[in-house]
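Please open the model in your viewer and display it as a cartoon, with side chains available on demand. The stops below are given in the order in which they may be selected.

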Amino acid sequence: MTVHISAAPGQIAETVLMPGDPYRAKWAAETFLENIELVNETRGMLGFTGTWRGHRVTIQGSGMGMPSLSIYANELIRDYGAKTLIRIGSCGGMQPHVAIRDVIIAMTASTLTSPSSGMFKELNFAPCADWSLLSAAVKAAKTKGCTTHVGGIYSSDVFYAERPDLDEQMVRHGVLAVEMEAAELYTVAVRHQCRALAVLTVSDHLQTGEALPASAREQSFGDMVEIALEAAFS
Ligand code: HPA
């Protein structure tokens, strides 16, 4: 038991999928796992452990933003022995060739700041995905027939951004999409010799203003869960 996770020792699997939304964790566990057990409900941040094709998996909500994700990632790794952490979530498209519903697999994640940036001082650390997970996820996404983009994303501290100049520079430099968690996940994981990846679905687009209707989100979210599971155990 930790400050934010009430699971008993041994109740968390070495592989953890992390959606931002705790109710997505519940839906994914009920839809894709067998023999599920609720292992955390502290602060309503639901976590479930079950099996997928015989492999033990935990699906634990991370909350929104890097400070929240950082708490869960640190406790999952340091106190429960998690080794593979895969974020599954939504993102806003930033390039004209990136469309709503496309899958983004984040090779790296830029930030202005993250909970870890204070420790790096003047160093511009480049958070980077685990290659074995990344290559397996790309293969799984292509096999499923999902339109997939692999490259850099932006992990923002704000959903309601007030810096159009910053967006412009990121678009110029090929950043595919914006979300709010991956950079810190990659940094915390590598610090503890763990593997991490973010598999994302484009739910809205910064340039076109398009947004995925709520009714279509479940199917897209399901594809991400399956890609993440295939990647974790390939
Ligand atoms: N900004 C930040 N995070 C997001 C967005 C966005 O536009 N869309 C989905 N997650």
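The tour passes from one helix to its partner, then to a second helix pair, and ends at two threonines. The model is a predicted one.

**First stop: helix H1**

Select residues 22-32, which form helix H1. Show the side chains of Pro22, Ala25, Trp27, Ala28, Ala29 and Phe32, which are buried. Next, bring up what surrounds them: the cover over these buried residues includes strands E1 (15-19), E2 (34-40), E3 (47-52) and E4 (55-60), together with helix H7 (214-232). Then move to the start of H1, where a side-chain oxygen of Asp21 lies within 2.8 Å of the backbone nitrogen of Tyr23.

**Second stop: H1 against H7**

Keep H1 on display and add H7. How are two packed helices described? By the angle between their axes and the distance between the axes. For H1 and H7, the axes come within 11 Å and cross at roughly 65°. H1 is therefore roughly perpendicular to H7, and the crossing is right-handed. To see the contact, select Arg24, Trp27, Ala28 and Phe32 on H1, and Arg217, Glu218, Phe221, Gly222, Val225, Glu226 and Leu229 on H7. Coloured by character, the residues of this contact comprise 6 nonpolar, 1 polar and 4 charged.

**Third stop: H4 against H7**

Hide H1, retain H7, and select residues 131-144, helix H4. The axes of H4 and H7 are 8 Å apart, and the packing angle is about 135°. The two helices are therefore oblique to each other; their crossing is right-handed. On the H4 side, select Leu133, Ala136, Ala137, Ala140, Ala141 and Lys144; these meet Asp223, Glu226, Ile227, Glu230, Ala231 and Ala232 of H7. The contact of H4 with H7 divides into 8 nonpolar and 4 charged residues, with no polar ones.

**Fourth stop: Thr84**

Select Thr84 in strand E5, residues 84-93. Is this residue buried or exposed? Thr84 has a relative accessible area of 6% and is buried. Beyond its neighbours within four places in sequence, Thr84 is in contact with Glu14, Thr15, Val16, Leu133, Arg195 and Ala232. Leu133 and Ala232 also belong to the contact of H4 with H7.

**Fifth stop: Thr201**

Finally, select Thr201 in strand E9, residues 195-205. Thr201 counts as buried, at 5% relative accessibility. Apart from its neighbours within four places in sequence, the residues in contact with Thr201 are Gly89, Ser90, Cys91, Arg101, Asp102, Ser220 and Met224.

How values were computed
Residues numbered from 1 in each chain as written. Predicted model: local features only at pLDDT ≥ 70, side-chain atom pairs only at ≥ 80, totals over all residues. Heavy atoms only, no water. Buried < 20%, exposed > 50% of the residue type's maximum accessible area, 1.4 Å probe, protein only. Helix = DSSP H or I, 4+ residues; strand = E, 2+ residues; numbered from the N terminus. Contact = heavy atoms within 4.5 Å. Polar contact = N/O pair within 3.5 Å; in protein donor to acceptor, adjacent residues only side chain to side chain. Axes fitted to C-alpha atoms, helices over the stretch in contact; angles between N-to-C directions. Parallel < 35°, antiparallel > 145°, perpendicular 65-115°, else oblique. Left-handed = near helix turned anticlockwise from the far one by under 90°. Nonpolar A, V, L, I, M, F, W, Y, C, P; charged D, E, K, R; others polar.
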